[in-house]
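This report describes the fold of one protein chain, going from a few of its strands to a helix and then to the chain as a whole. Please look over the sequence and the structure first.

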Amino acid sequence: MKAVTTITGPAAPLLRDNIDTDLIIRIERISQLKRGQLGPYLLETLRYRGDGPSSGLREDFVLNQPAFVDACTILGGKNFGCGSSREMAVWALEEAGIRCVIAPSFGDIFFNNCLQNGLLPAQLDANAIERIAAASGDGAHVDVDLRALEIRAPGLEAIRFEFDAAQRDALLEGLDEIDQTRRFAEQINRFRADDQKARGWAYLA
């Protein structure tokens, strides 16, 4: 997966609570499309006038506005990514160019799916998010610096955010859980060899 260091670009304000995974990507699209095809259908109920891109854009939706059409960060509300446990919601965000979501809280499974796909879920209180939204309302770039654990927006002092140290290191190095396990291959193989000597019966075909 892609490593996360500093994410720089427009931050689109989608400041509503309880944006669930079905809103992020509809269940019909998951059954119809493969990974790599989901990006155009991100948030389609909000983004389009009807059923999918061919129905036309809703000009008042934030991701359709010129200032945020190339957004790489979403500023969200509480409980972002709640609902059913579909990893495809993260895929759709990533395929649409979103590398970071900043919200006061996240659905637990969505948060973990972000970590496995190189999308940064950064938690800040709602007041701080509103200040970032106000500072970047014209599409001005926002920097989300995972190494420094800072978010920088025009006219604001750097805003600190907290992140689990092990999860931070994994994102910085671009390692999902499988990659992290592979780093211990030598120790795993040594354990298996020693265990096979001690419990050979357990390894019989």
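How many bridges join S2 to S3, and do the two strands run parallel or antiparallel? Three bridges join S2 to S3, and the two strands run parallel.

## Basis of the description

The model is a predicted one, in which local features need pLDDT of at least 70 and side-chain atom pairs count only at pLDDT 80 or more, whereas totals for chains, interfaces and linings use all residues. Residues are numbered from 1 along each chain as its sequence is written, and side-chain values use heavy atoms, with hydrogens and water left out.

## Strands S2, S3 and S4

Helices (H or I, at least four residues) and strands (E, at least two) are DSSP runs numbered from the N terminus, and two strands count as paired if DSSP finds at least two bridges between them. In the pairing of S2 with S3, Leu75 stands opposite Ile102 of S3. Strand S4 (residues 120–123) pairs with S3 in the parallel sense over four bridges, and there the bridge partner of Ile102 is Ala122.

The chain passes from S3 through helix H5 (residues 108–115) to S4 in a right-handed β-α-β crossover, and S2, helix H4 (residues 88–95) and S3 likewise make a right-handed β-α-β unit. Right-handed here means that, with the strands pointing away from the viewer, the path from the first strand over the helix to the second runs clockwise.

In a regular strand the side chains alternate between the two faces of the sheet. Both faces of S3 are covered, with Cys100 and Ile102 buried on one side and Val101 and Ala103 buried on the other; buried means under 20% relative accessible area, exposed over 50% and partly exposed in between, for a 1.4 Å probe and protein chains only.

## Helix H6

Helix H6 spans residues 126–135, and its buried residues are Ala128, Ile129, Ile132 and Ala133. They lie on the same side of H6 because they cover an arc of only 140° around the axis, the arc being that of the directions from the helix axis to the C-beta atoms. An α-helix has 3.6 residues a turn, so residues three or four places apart point the same way. On the other side of H6, Asn127 and Ala134 are exposed.

The buried residues of H6 pack against several strands, among them S1 (6–14), S2 (73–76), S3 (100–103) and S5 (141–145), where a contact means heavy atoms within 4.5 Å. At the start of H6, a side-chain oxygen of Asp125 comes to within 3.0 Å of the backbone nitrogen of Asn127.

## Annotated span

An unreviewed UniProt entry carries the annotation "domain: Aconitase A/isopropylmalate dehydratase small subunit swivel" for residues 1–125; such annotations may be inferred rather than shown by experiment. This span is 24% helix and 17% strand, and its end C-alpha atoms lie 28 Å apart.

## The chain as a whole

The protein chain has nine helices and seven strands, and its C-alpha atoms fill a box of roughly 65 × 45 × 25 Å along the principal axes. Of the 205 residues, 44% are buried, and among contacts between residues at least 6 apart in sequence, 62% join residues at least 24 apart.

Ile178, in helix H8 (residues 177–182), is exposed with a relative accessible area of 51%, and its C-alpha atom is separated by 9.1 Å from that of Gln116, 62 residues apart along the chain. Ala202 is placed in the segment after helix H9 (185–198) and counts as partly exposed at 36% relative accessibility.

Conventions:
A polar contact is a pair of N or O atoms within 3.5 Å; within protein, one must be able to donate a hydrogen and the other to accept it, and residues adjacent in sequence count only if both atoms are side-chain atoms.
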